[in-house]
Amino acid sequence: MRGFVDGVAPRPPISHLTGMLPVEAGPGLTTFTMPASPWLLSPPGLIQGGVLAVLADGPLGCAIQTTLPPATPYTTAELSMNFLRPASVASGVLTARGTVIHAGRSLALSQVSIEDVRGRLLAHGTSRCVIFPPVAAGGVGEVAPAAAPTHDTADPYERPDPGALVPEEAWGSMSGLDVMRALIDGSLAPPPIHHLTGMMPTSASDGEAAFRLPATEWLCSPLGRVEGGVIAMIADSVIASSIQTTLPARTSYATIDLKVTFIRPVMPDGRDLVARAHVIHRGRTLATSSAEVLNADGKQVATAVGSAMIFADRTQTLGRLVEPADEPVVSDA
């Protein structure tokens, strides 16, 4: 980890895609940063919880990694996030600090806090990792310097023209289901996060939604596999969209939690991951949806469940951000 922080180890593809970087590493702790780039924005113009999960997954796993002896592999088994405030371009550089809660022989727990440039807490998360026996004997090796990759263009998150947002007039006049169908048939332009990652909605009906995401090398961690946070991102997107399909016009929502259980790794073979979600509870102020993520062979990659707060007579707009942490508690029905 210190090799990555010091720049002597090459940055992984997900770092070039999003600008996410490790900036601190010590025993049982790591800190990552990621710029709140316009490329990360969802249709309403916010950085949704699933994108924060991409950032969270780095320090959650790497904090545990700092406690492991040489040649000891591990994998993330579960990721849970609670979202307190929305992020936007105005959030500046996002900072995620991960610390180890427990590091045992076969299981480890870690936690992360994500703050905006003003130091406000945006999200908190926890992770459970499974630790495997060492794969080889040997001492601690040196991290060999590696030449940084060169490109003819800027990294994707630094490029101009990130795409369009759904205008506020659409949120005020169209139901959530109509917005989803317009994004699918092209009547509304895809948002920046879809251009950046390739993630797109493929179907929507009342209380249900489906997305696809090509498993490309851009989405990979240093291990050469699609980052767990990316899988959480598509799960969060399809969960939020399934809830959105139940909303009338002039109604907004804010995701407040996400729990993902990982079943198998995803290799960057370029084929589509498919995520499907359906609403399992729709109350007046709260809704909950469950999802599954499948690989191109139809095998389960992950399962997830998430919830959102619902706000009547409020359009999805940057001018009036919904901040769940500051909203009054209202009983659901």
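Helices (H or I, at least four residues) and strands (E, at least two) are DSSP runs, numbered from the N terminus. You are looking at a predicted model, where local features need pLDDT of at least 70 and side-chain atom pairs count only at pLDDT 80 or more, while totals for chains, interfaces and linings use all residues. Residues are numbered from 1 along each chain as its sequence is written, and side-chain values use heavy atoms, with hydrogens and water left out.

Let's start with T95, which sits in strand 4 (residues 93-103). T95 has a relative accessibility of 14% and so counts as buried; that word means under 20% relative accessible area, with exposed meaning over 50% and partly exposed anything in between (1.4 Å probe, protein chains only). Which residues is T95 in contact with, leaving aside its neighbours within four places in sequence? They are T31, F32, T33, S113, I114 and E115, where contact means heavy atoms within 4.5 Å.

F32 turns up again around C62, a residue of helix 3. C62 is buried, at 13% relative accessible area. Setting aside neighbours within four places in sequence, C62 is in contact with M1, T30, F32 and Y74. C62 and L29 are 33 residues apart in sequence, yet their C-alphas are 7.7 Å apart in space.

Now to the nonpolar interior. A nonpolar core here is a set of buried Ala, Val, Leu, Ile, Met, Phe, Trp, Tyr and Cys residues joined through side-chain atoms within 4.5 Å. The largest one has 77 residues, and L52, I114 and V293 have the most contacts inside it. Helix 7 supplies the largest share of this core, ten residues. A second, separate core has six residues, including I64, A108, C129 and I131. Back in the largest core, you can pick out V293 and look at what it meets: beyond its neighbours within four places in sequence, V293 is in contact with I231, I234, A235, L273, V274, A275, K299, Q300, V301 and A302.

Helix 7 deserves its own stop. This helix covers residues 228-244, 17 residues in total, and reaches 24 Å from its first C-alpha to its last, close to the 24 Å expected at 1.5 Å a residue. The expected span is 1.5 Å times one less than the number of residues in the helix. Why is helix 7 described as largely enclosed by the rest of the structure? Because 17 of its 17 residues are buried.

Helix 5 is part of the surroundings. Its buried residues are G176, L177, V179, M180, A182 and L183, and they pack against helix 4 (168-173), strand 7 (200-205), strand 8 (208-214) and helix 7. Following helix 5 comes G186, with a positive phi near 90 degrees.

Next, the empty spaces. Rolling a probe the size of a water molecule over the atoms shows where empty space is left. On a 1 Å grid over the protein atoms alone, a cavity is a set of points where a 1.4 Å probe fits but cannot get out, and lining residues have an atom within 4 Å of a point. Grid points are joined across faces, edges and corners, and a volume is the space filled by probe spheres set on the points. The structure holds four cavities of 30 Å³ or more. The second largest has a volume of about 180 Å³. Its lining has 20 residues, and S42, P43, Q48, H194 and S237 lie nearest its centre. Helix 3 (49-65), helix 5 (176-185), helix 6 (192-197) and helix 7 are the elements that each give two or more residues to that lining. Helix 7 gives the most, six residues. By type, the lining splits into twelve nonpolar, seven polar and one charged. For that split, Ala, Val, Leu, Ile, Met, Phe, Trp, Tyr, Cys and Pro count as nonpolar, Asp, Glu, Lys and Arg as charged, and the others, Gly among them, as polar.

Finally, a few residues outside the helices. D272 is in strand 10 (residues 272-282) and, at 28% relative accessibility, counts as partly exposed. Not counting residues up to four places away in sequence, D272 touches R212, L213, P214, L294, N295 and A296.

Most residues other than glycine have a negative phi. A71, in the loop between helix 3 and strand 3 (74-83), has a positive phi near 60 degrees and is partly exposed at 37% relative accessibility. D161 has a positive phi too, about 55 degrees. D161 lies in the loop between strand 6 (121-131) and helix 4, and is exposed, with a relative accessible area of 66%.

Definitions and conventions:
1 Å grid on protein atoms, 1.4 Å probe; cavity = no way out; pocket = protein on both sides within 12 Å on 5 of 7 lines; lining within 4 Å.
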